[in-house]
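Colleague: I am new to this model. Could you walk me through how to read it, one feature at a time?

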Amino acid sequence: MSAGVIRLDTEHILRPVRLGDGAALSRAYLANREHLAPWEPSRTEAFFTVASQEQHAQQCVDDASAGRSVRFVIASDDGEIRGRMNINNIVRGAFWSADLGYWVDVSRLRRGLAHRAVAQIIEYSHTELGLHRLQAATLVHNLGSQSVLRGNDFERIGMAPKYLRIAGEWQDHLLFQRLLEEPLSARREGP
């Protein structure tokens, strides 16, 4: 899979963030403001503006060009953004790993959309980026996200106390990883 357009189902595609996405990103974040608030850092009012989201789109394009991250949107056929898939903090050298982050529009939950999109990101990370490992962190009580990760053969590798400042508080996170060159072995299935 190249960083082009990937069909996820009859209604949704996965594609890289591009210039001009600011208005659609702003609408998506505004529509999901309450839904995302417990799972993300606290946001200022400026975050939700078209101008701020267009700056973010520019940063996404710049970061992809520099090899620092590759950020995607899940878009519906009406052109609206229905979620995000992010490959962040790409590190080469001896590590060849990155962090995975994602969210799906509240109106699209429990349809397998996140599962299918994560599967495509795994394939892209392995074949196009040549990564060895993807890691992800979820809030301890985010059972939906943990289910998506486990369904894509991520294994739990530990717990990080007060890992990220989410919803205004330092919160514990469960840590997961997926080694990309090999299937998950029964021996490594985690704690």
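Colleague: Let us start with helix α5. Which residues of α5 are buried?

Modeller: Keep in mind that this model is predicted. Buried means under 20% relative accessible area. In α5, that holds for S145, Q146, V148 and L149. Their directions cover an arc of only 155 degrees around the axis, so they sit on the same side of α5.

Colleague: What covers the buried residues of α5?

Modeller: The cover includes strands β5, β6 and β8, along with helix α4, residues 113–127.

Colleague: And what follows α5?

Modeller: D153 does, and its phi is positive, near 65 degrees.

Colleague: Now the sheet. In what order do the strands run?

Modeller: Read a sheet by its neighbours, strand by strand. Here 8 strands form an open sheet, in the order β1-β2-β3-β4-β5-β6-β8-β7. The pairing is mixed.

Colleague: Which strands stand at the edges?

Modeller: β1 (6–7) and β7 (155–166) do. Each has a single partner strand, so one side of each is left without a neighbour in the sheet.

Colleague: How many bridges join β7 and β8?

Modeller: There are 8 bridges, and the two strands pair in the antiparallel sense. Strand β8 covers residues 169–179. For a single pair, take I166: its bridge partner in β8 is E169.

Colleague: Which strands does helix α1 touch?

Modeller: Helix α1, residues 22–31, packs on the sheet and touches β3, β4 (81–91) and β5 (97–104). To read its orientation, compare directions. That of α1 makes about 105 degrees with that of β4.

Colleague: Which strands does α5 touch?

Modeller: Helix α5, residues 143–151, also packs on the sheet. It touches β5, β6 (133–139), β7 and β8. The direction of α5 makes about 160 degrees with that of β6.

Colleague: Let us turn to single residues. Is S76 buried or exposed?

Modeller: Compare its relative accessible area with the cut-off: buried means under 20%. S76 has 5%, so it is buried. It lies in strand β3, residues 70–76.

Colleague: With which side chain does the side chain of S76 make a polar contact?

Modeller: With that of D78, at 2.4 Å. To find partners further along the chain, leave aside the neighbours within four places in sequence. S76 is then in contact with E11, H12, R82 and R108.

Colleague: Where is E45, and is E45 buried or exposed?

Modeller: Look in the loop between α2 (33–36) and α3 (50–66). Exposed means over 50% relative accessible area. E45 has 56%, so it is exposed. A polar contact of 2.4 Å joins its side chain to that of R33.

Colleague: How many residues apart in sequence are E45 and I87?

Modeller: They are 42 residues apart in sequence, and 25 Å apart in space, C-alpha to C-alpha.

Colleague: Last, the whole chain. How many helices and strands are there?

Modeller: The chain has 5 helices and 8 strands. From the N terminus on, the elements run β-β-α-α-α-β-β-β-α-β-α-β-β.

Colleague: How compact is the chain?

Modeller: Compare the radius of gyration with the globule rule. The chain has 16 Å, close to the 16 Å that the rule gives for 191 residues, so it is as compact as a globular protein of that length. The C-alpha trace spans about 45 × 35 × 35 Å along its principal axes. Buried residues make up 45% of the 191 residues.

Note on methods
Residues are numbered from 1 along each chain as its sequence is written. This is a predicted model: local features need pLDDT of at least 70, side-chain atom pairs count only at pLDDT 80 or more; totals for chains, interfaces and linings use all residues. Side-chain values use heavy atoms; hydrogens and water are left out. Helices (H or I, at least four residues) and strands (E, at least two) are DSSP runs, numbered from the N terminus. Buried means under 20% relative accessible area, exposed over 50%, partly exposed in between (1.4 Å probe, protein chains only). A polar contact is a pair of N or O atoms within 3.5 Å; within protein, one must be able to donate a hydrogen and the other to accept it, and residues adjacent in sequence count only if both atoms are side-chain atoms. Contact means heavy atoms within 4.5 Å. Two strands pair if DSSP finds at least two bridges between them. Axes are lines fitted to C-alpha atoms, for helices over the stretch in contact, and angles run from 0 to 180 degrees between N-to-C directions. The arc is that of the directions from the helix axis to the C-beta atoms. The radius of gyration is taken over C-alpha atoms; the globule rule is 2.2 Å times the number of residues to the power 0.38.
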